[in-house]
Each structure stands twice: as C-alpha cells, then as structure tokens.
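Visitor: Could you take me through one helix pair in close-up, and show me how the two pack against each other? I'd like the details rather than a tour of everything.

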Amino acid sequence: MGSLIDNENKGHLSSNINEMVEYRVLRGRIYNVGFQPDERVIPFLELAGFESAALIRTFDLRYNLISALVERWRPETHTFHLPCGECTITLEDVAVQLGLPIDGNVVTGVSSISRPARICYELLGRSPSEGKFATLRFSWLKANFEHLPNTATELEVMQAARGYIMHLIGGVLVPDSHGSEVSLMYLPLLSNLHNTRSYSWGSAVLATLYRELFCILIISLEVSRDVPDAVNGSPWHTRTPNGSN
C-alpha cells in the first residue's frame with residue numbers, strides 16, 4: 001500500500017490508515033434483492049439482458065479502501081487521482097462485471113405516471129394501490145413475486161420477471177437514498193422484455209455511480225471542514241485503528 005500513498009499529503013485518509021491513527025470512514029449500506037428468481041423466470045431475465053446481474057447475491061465491501069478512493073475522486077475528470085497516476089471505472093468494467101448492455105437507448109422516463117395502478121396491472125398483474133403512487137416497495141415486490149405457483153402461466157412468469165428486474169434495478173443497480181423502494185419510471189421500459197435489452201442499462205449504472213461519488217465527495221469535504229451536515233445524517237463515522245467505532 002505504501003506505493004499508493006502520497007507522503008507529502010499527510011492529511012489523506014490512506015496516510016492515517018497506514019500510520020494506524022484515528023480516521024473517518026464511510027458507513028456502508030448494503031443493497032440486495034433478498035430472494036432468488038424462480039428458475040422459470042431465468043429465460044426472461046436473459047431475454048431482457050439482466051441474467052448476469054441477477055447472479056449478484058452478496059457484497060464483501062472494504063469500507064477503508066472505498067473511503068480512501070472517495071477522497072481521491074475528482075468529478076472534473078471522473079477519475080481517481082493517485083500518486084502513481086489516474087484510474088477510473090469505465091463502461092467496459094460495467095459490461096464485464098455485470099453483463100449489462102452498454103449500447104443503445106438512454107434509460108429515461110417520466111417522473112410521474114398519471115395512472116400508476118393501470119400500468120402495474122398491465123405489466124405486473126397487480127397493484128399496491130388504486131390511488132397515486134410513484135414507487136414500488138421492495139417488501140411488496142418480494143411478497144408478490146418471490147414464489148410462483150406451479151400452475152403459473154407464461155404471462156404470470158413474465159410479470160414475475162418484471163417484478164424481479166424492478167427489485168434488481170432499485171436494490172442493486174440504480175439505488176436511491178431510501179433503500180426500500182424503486183421508482184415506477186423504470187416499469188414502462190420493461191413492457192416488452194425483448195426490447196428492454198435495447199436500453200443502455202450499463203450507462204445508467206455508471207452514471208449513478210459517478211453521481212453518488214460526487215455527492216459523497218461534497219459531504220466528506222463538509223465533514224472534514226467541521227461544517228454542519230448539509231444532508232440529514234452524515235454517511236461518515238470515526239474508526240479507531242483496532243476497527244471499533
């Protein structure tokens with residue numbers, strides 16, 4: 001690790017970790033789908049281009065390293081600035097690790113759907129509410145699509161595939177600050193699963209990562225300057241050399 005530490009920048013997190021002094025580290029929030037798709041759903045996940053991403057099960061994250069990398073992130077160039085040079089996360093990395101398409105249409109949609117219940121009935125076969133809503137809770141998706149009856153029709157299997165993909169998008173690929181729901185704006189993009197893979201989902205994942213790196217960098221700068229948190233609930237906490245909080 002010594003070759004990556006800038007000896008002239010003693011205030012950097014990597015120096016504090018190396019010298020075994022108290023340092024600040026990001027708090028982790030682990031997202032996952034929480035259930036495995038029924039084997040009958042897999043062919044439709046493959047059709048939509050999410051078969052590799054669906055293999056994601058658990059995360060083994062090193063928060064010390066992530067925290068150090070965040071401090072080295074430069075939003076102007078979208079690269080990590082290290083003493084040995086620059087590096088970054090590219091679309092190729094997303095394609096190789098997640099198997100998501102990186103070419104095609106932009107992943108976008110309307111922030112407010114006029115008839116949310118109608119589109120849920122059409123694409124999922126059920127709706128969490130008859131009124132206005134803009135998100136689907138993970139608990140509702142799991143309760144309705146974790147188990148398929150033995151007599152499920154092809155239509156019901158396709159609906160379950162859409163439910164699983166929605167959970168995957170909001171829980172793993174493009175999570176938001178809530179951590180318990182996914183925006184309904186993605187559901188219309190799953191209406192035709194054959195066309196779903198025509199969208200550049202890999203680009204959406206990378207754009208989300210860049211955005212979150214920028215946001216957490218701003219927060220970390222505020223914390224380091226002892227400025228009151230601009231966001232409710234700082235993602236940083238202090239860690240001592242023995243690993244206790």
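Guide: Here is a look at one helix pair, with a bit of the whole chain for context. Keep in mind that this is a predicted model. The chain has nine helices and seven strands, and 40% of its 245 residues count as buried. If you look at contacts with a separation of 6 or more, 69% of them come from residues 24 or more positions apart.

Now for the pair itself: helix α6 covers residues 138-145 and helix α7 covers residues 154-173. Their axes come within 10 Å and cross at roughly 150°. Angles over 145 degrees count as roughly antiparallel, so α6 is roughly antiparallel to α7. As for handedness, the crossing is left-handed.

Who touches whom? On the α6 side you'll find Phe138, Leu141, Lys142 and Phe145, and they meet Gln159, Ala160, Gly163, Met166, His167, Gly170 and Gly171 of α7. Sorted by type, the residues of this contact are five nonpolar, five polar and one charged.

Zoom in on Gln159, which sits in α7. Its relative accessibility is 7%, so glutamine 159 counts as buried, given that the cut-off is under 20%. Setting aside neighbours within four places in sequence, Gln159 is in contact with Phe145, and also with Leu123, Leu124 and Gly125. Phe145 is one of the α6 residues in the helix pairing, so to speak a familiar face by now.

Definitions and conventions: Residues numbered from 1 in each chain as written. Predicted model: local features only at pLDDT ≥ 70, side-chain atom pairs only at ≥ 80, totals over all residues. Heavy atoms only, no water. Helix = DSSP H or I, 4+ residues; strand = E, 2+ residues; numbered from the N terminus. Buried < 20%, exposed > 50% of the residue type's maximum accessible area, 1.4 Å probe, protein only. Contact = heavy atoms within 4.5 Å. Axes fitted to C-alpha atoms, helices over the stretch in contact; angles between N-to-C directions. Parallel < 35°, antiparallel > 145°, perpendicular 65-115°, else oblique. Left-handed = near helix turned anticlockwise from the far one by under 90°. Nonpolar A, V, L, I, M, F, W, Y, C, P; charged D, E, K, R; others polar.
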